[in-house]
Amino acid sequence: MTDPMKKKMLKEEIVTYAYLILYIALSSGQIFFNKWVLSSKEINFPYPLGLTLLHMAFSSVLCFLLTKGFKILKVEEGMTLEIYTTSVVPIGAMFAMTLWMGNTAYLYISVSFAQMLKAIMPVAVFILGVAAGLEVMSCRMLLIMSVISFGVLVASYGEINISWIGVVYQMGGVVGESLRLIFMEILVKRKGLKLNPISLMYYVSPCSALCLFIPWLFLEKPKMDAHGMRNLKPLVLTLNSLCTFALNLSVFLVISHTSALTIRVAGVVKDWMVVLVSALLFADTKLTAINLLGYGIAIAGVAAYNNHKLKREASRNISDNSQDALTIPMTTSSNPNR
């Protein structure tokens with residue numbers, strides 16, 4: 001291997017690691033930022049619906065400017081009214097529900113405990129996937145789901161200041177995210193439309209904003225009007241929204257430079273970092289040995305689940321490539337001008 005090739009490979013590796021570090025930093029930082037904004041002991045902006053609505057409206061405007069205004073980024077074509085109404089709208093509604101419920105949970109439970117509860121996500125995705133006919137029940141998957149569930153139960157048992165209202169909100173967010181992922185898979189499998197993160201933000205953000213605006217109008221707007229503008233800090237909220245958009249851009253960069261395995265591993269690293277660092281940043285976070293033991297068990301189950309999914313995706317890709325190889329000679333022989 002020549003020196004220029006080595007330098008090129010080294011440069012690509014450095015860029016990849018830089019994107020991963022950026023993703024982990026922005027992802028964990030955004031969680032801390034949202035908690036800081038919503039907390040009564042910090043910024044004291046106790047309007048999770050309003051905050052989430054602001055994020056979606058901000059993303060909608062920036063996506064439009066970047067794709068249609070300045071044309072820096074490109075939106076993938078192929079979207080039709082039928083696909084938008086039957087697929088994108090449900091995805092947008094579930095995304096809105098996920099963010100609303102997840103941010104509301106921060107008013108009642110600690111960041112670390114919220115992350116521990118999120119570990120149950122594969123269980124919810126799998127159960128809903130089986131119900132939708134996208135997953136098949138097996139002994140292996142049943143064992144993995146049992147390990148994750150047991151770990152989350154142990155982590156919950158070890159929580160000192162547990163708020164069941166916060167748990168319900170967090171579980172609502174988990175259900176919303178699970179449904180979103182199911183709708184995403186249906187969009188790709190049955191509709192045949194693949195969207196990169198920027199295109200997805202472009203189509204989904206306005207829909208999510210509308211879904212959030214209606215409940216905000218009745219649930220939080222009266223409270224905000226009654227309390228006036230004293231908790232409204234435009235600079236902080238703008239910076240928070242900008243960080244949310246930057247996080248979505250970092251996902252786009254990581255996906256374009258790494259593999260599915262890498263981003264899953266980065267996600268696990270980020271989750272552990274959030275759990276541990278939040279204990280240092282927030283007074284309401286009290287980690288116990290039982291907390292960490294339970295979360296460790298759950299993460300082991302999540303790792304097994306990710307490994308199973310990656311192997312299945314790899315075998316599916318090999319199968320698809322084999323079918324393509326078989327169909328190419330038939331296509332060219334029947335239509336040599338194609």
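In this predicted model, Trp-272 is partly exposed, with a relative accessible area of 26%. Its aromatic partner is Tyr-295. Tyr-295 is buried, at a relative accessible area of 1%. The two ring centres lie 4.8 Å apart, and the planes meet at 65°. The pair is therefore edge-to-face, because the angle is over 60 degrees. Trp-272 belongs to helix 11 (residues 260–281), whereas Tyr-295 belongs to helix 12 (residues 289–334). With their positions 23 residues apart, the pair links distant parts of the chain.

The whole structure holds 7 aromatic pairs. Another one of them joins Phe-213 and Trp-216. Here the centres are 5.8 Å apart and the planes stand at 35°. This pair is tilted, because its angle falls neither under 30 nor over 60 degrees. Both residues sit in helix 8 (residues 197–219). They are 3 residues apart, so about one helical turn separates them. Phe-213 has 35% relative accessibility and counts as partly exposed. Trp-216 has 15% and counts as buried, because the limit for buried is under 20%.

Ser-59 offers a further case of burial. This residue lies in helix 2 (residues 48–69). Its relative accessible area is 0%, so Ser-59 is buried. Beyond residues up to four places away in sequence, Ser-59 touches Met-201, Ser-205, Phe-245 and Asn-248. Asn-248 is 189 residues from Ser-59 in sequence. In space, the C-alpha atoms of Ser-59 and Asn-248 are 9.2 Å apart.

Key
Residues are numbered from 1 along each chain as its sequence is written. This is a predicted model: local features need pLDDT of at least 70, side-chain atom pairs count only at pLDDT 80 or more; totals for chains, interfaces and linings use all residues. Side-chain values use heavy atoms; hydrogens and water are left out. Rings of Phe, Tyr and Trp (its six-membered ring) pair if their centres lie within 6.5 Å; planes under 30 degrees apart count as stacked, over 60 as edge-to-face and the rest as tilted. Helices (H or I, at least four residues) and strands (E, at least two) are DSSP runs, numbered from the N terminus. Buried means under 20% relative accessible area, exposed over 50%, partly exposed in between (1.4 Å probe, protein chains only). Contact means heavy atoms within 4.5 Å.
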